[in-house]
Every structure is written in structure tokens, then in C-alpha cells.
Amino acid sequence: MASIEELKRRIDLKDLAERLNIKQGKGGDDALYHSPHHPDKNPSLSIFVGHPKYGTGWKDHSADVGGSCIDLVMHVRGGTPSDAMKWLHEEYAIRF
């Protein structure tokens with residue numbers, strides 16, 4: 001099974017957001033998405049890749065939560081870290 005750190009390195013958060021059916025914001029900024037938990041007039045979920053302050057991760061500003069690929073799966077699908085890791089392994093065909 002891939003470690004948490006390996007999953008974080010291998011999984012592109014923007015690709016993951018698409019696979020989780022998180023609606024992308026309009027206006028050309030490919031880092032902004034709508035919260036999966038409520039209707040957003042304006043996108044409230046940001047994905048950071050190599051950001052000078054936030055590094056690589058995501059944040060749902062409307063819920064004040066964020067983190068790694070594992071946290072994003074749990075935010076959208078619920079479940080435990082173990083459930084999220086299993087889903088990521090299956091979704092990305094990463095061998096256990």
C-alpha cells in the first residue's frame with residue numbers, strides 16, 4: 001500500500017477534485033472550486049500547488065477545513081482516513 005506521503009506526492013489535487021465531481025469555478029482561475037456541501041455563489045474551495053504560504057493542499061474557506069488529498073476525499077465522501085486511502089488506491093489504480 002502506498003504511504004500517505006506517497007499518495008500526497010502522486011495525486012494531483014485538481015484531478016482529484018474532478019474525480020470527486022467538485023464543480024470548478026468560472027472565470028479562468030483553475031484553482032477555485034465550489035464547496036461540495038452547499039450552493040456557492042462564488043467558489044469557496046481553493047487548491048494550492050506550490051503556494052509560497054500554503055504549499056500544496058486545499059482549503060474550503062466556507063467550512064474552514066483543508067489539507068491533503070486524503071482530507072479532500074473525507075471532506076467530500078465522508079469516512080475515515082483508511083476509507084479515503086482505500087478509495088484513492090482504487091480510483092488511481094495504485095497497487096496495495
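Throughout these legends, helices (H or I, at least four residues) and strands (E, at least two) are DSSP runs, numbered from the N terminus. The model is predicted, so local features need pLDDT of at least 70 and side-chain atom pairs count only at pLDDT 80 or more, while totals for chains, interfaces and linings use all residues. Residues are numbered from 1 along each chain as its sequence is written, and side-chain values use heavy atoms, with hydrogens and water left out.

**View 1. Four strands form an open sheet.**
Welcome to the sheet, whose strand order is S1-S2-S3-S4 with antiparallel pairing; two strands pair if DSSP finds at least two bridges between them. At the edges are strand S1 (32-33) and strand S4 (65-67), each of which pairs on one side only. Strand S2 (residues 45-51) and strand S3 (residues 55-60) run antiparallel and are joined by 5 bridges. A hairpin of 3 residues leads from S2 to S3, and His51 has Gly55 in S3 as its bridge partner. S3 and S4 also run antiparallel, with 3 bridges between them.

**View 2. Asp64 sits in the loop between S3 and S4.**
Here we look at the turn of the hairpin formed by S3 and S4, in which 4 residues lie between the two strands. Asp64 has a positive phi of about 55° although it is not a glycine. With a relative accessibility of 57%, Asp64 counts as exposed; the cut-offs are under 20% relative accessible area for buried, over 50% for exposed and in between for partly exposed (1.4 Å probe, protein chains only).

**View 3. Trp58 is a buried residue of strand S3.**
Do stop at this side chain: Trp58 has a relative accessible area of 4% and is therefore buried. Its bridge partner in S4 is Gly67. Beyond its neighbours within four places in sequence, the contacts of Trp58 include Leu13, Leu45, Ile47, Phe48, Val65, Asp71, Leu72 and His75, where contact means heavy atoms within 4.5 Å. Although Trp58 and Ala17 are 41 residues apart in sequence, their C-alpha atoms are 10.0 Å apart in space.

**View 4. Helix H3 lies across three strands of the sheet, S2, S3 and S4.**
Helix H3 (residues 69-77) runs at about 15° to S3. Axes are lines fitted to C-alpha atoms, for helices over the stretch in contact, and angles run from 0 to 180 degrees between N-to-C directions.

**View 5. H3 and H4 cross roughly at right angles, that is, they are roughly perpendicular.**
The axes of H3 and helix H4 (residues 81-91) come within 9 Å and cross at roughly 105°. This pair therefore counts as roughly perpendicular, on a scale where angles under 35 degrees are roughly parallel, over 145 roughly antiparallel, 65 to 115 roughly perpendicular and the rest oblique. From H3, the residues Cys69, Ile70, Val73, Met74 and Arg77 meet Pro81, Ala84, Met85, Trp87 and Leu88 of H4. The residues of this contact divide into 9 nonpolar, no polar and 1 charged; Ala, Val, Leu, Ile, Met, Phe, Trp, Tyr, Cys and Pro count as nonpolar, Asp, Glu, Lys and Arg as charged, and the others, Gly among them, as polar.

**View 6. Pro81 is a partly exposed residue of helix H4.**
At 45% relative accessibility, Pro81 falls in the partly exposed class. Leaving aside neighbours within four places in sequence, Pro81 touches Ile70 and Met74. The C-alpha atoms of Pro81 and Ile70 are separated by 6.5 Å, with their positions 11 residues apart along the chain.

**View 7. The largest nonpolar core has 22 residues.**
A nonpolar core is a set of buried Ala, Val, Leu, Ile, Met, Phe, Trp, Tyr and Cys residues joined through side-chain atoms within 4.5 Å. In this one, the residues with the most contacts inside the core are Leu7, Leu16, Cys69, Leu72 and Leu88. Helix H2 (13-19), S2, H3 and H4 each supply at least two of its residues. Leu7 is a good place to linger: apart from neighbours within four places in sequence, its contacts are Ala2, Cys69, Ile70, Met85, Leu88, His89 and Ile94.

**View 8. Helix H4 has buried residues, and exposed Ala93 follows the helix.**
Ala84, Met85, Trp87, Leu88 and His89 are buried in H4. Their cover includes helix H1 (4-10), H2 and H3. Just after H4, Ala93 takes a positive phi of about 50° although Ala93 is not a glycine. With 66% relative accessibility, Ala93 counts as exposed.
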